[in-house]
Amino acid sequence: MWAEFAAKRGLKMDTDHDAWAFGDHADALARLTLEGVKTATSSAHPLYELEGEPLPAAGEYSVILDSREEAVCVIRTERVKVVLYRDVGADHAFREGEGDRSLAYWRRVHEAFFTKELADAGLTFDEDMLVVCEEFRKVWPE
């Protein structure tokens, strides 16, 4: 998929990009991204620090994978904000496109997800944890 996208956009094959799947429910979230419903995601900032990983940045491309690690679509990161978990707003929850798209739904599923993800790394969740809020748009297929 990346080769076809890069060729159509006049990008070099080695243009920096990443390939990844959404944490839980990779297939459903990839489908929502492909459909243009999901235009944002969030991740636990402490895990970036723990793993020494750079934060996503505006202008970066990612190939979204399904649970079988097959390419579904290409996205381009538009904006990245780091905020306290408790300060994530309704607009971001809506852009994530999950469930009823409400902030209450977002908080319920993300608290459970972050709690598990952080516990696996020996860390604990709390509402003062920093969250990386990434906004993107699907750029391929058109």
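This is a short tour of the sheet and the helices that pack on it. The model is predicted: local features need pLDDT of at least 70, side-chain atom pairs count only at pLDDT 80 or more, and totals for chains, interfaces and linings use all residues. Residues are numbered from 1 along each chain as its sequence is written, and side-chain values use heavy atoms, with hydrogens and water left out.

Start with the sheet. Select its 5 strands, which form an open, mixed sheet in the order β1-β3-β4-β5-β2. Strands here are DSSP runs of E, at least two residues, and helices are runs of H or I, at least four, numbered from the N terminus; two strands pair if DSSP finds at least two bridges between them. At the edges, β1 (17–20) and β2 (40–44) each pair on one side only. The twist averages 35° from one strand to the next.

Next, select β2 with β5 (residues 130–140): they pair in the antiparallel sense over 5 bridges. Ser42 has Cys133 in β5 as its bridge partner.

Now add helix α2 (residues 26–34), which packs on the sheet and touches β3, β4 and β5 (contact means heavy atoms within 4.5 Å). Its direction makes about 95° with that of β4; axes are lines fitted to C-alpha atoms, for helices over the stretch in contact, and angles run from 0 to 180 degrees between N-to-C directions.

Finish at helix α1. Trp2, Phe5 and Ala6 are buried there (under 20% relative accessible area, 1.4 Å probe, protein chains only). β1, β3, β4 and β5 are among what covers them. On the other side of α1, Ala7 and Lys8 are exposed (over 50%). Just after α1, Gly10 takes a positive phi of about 70°.
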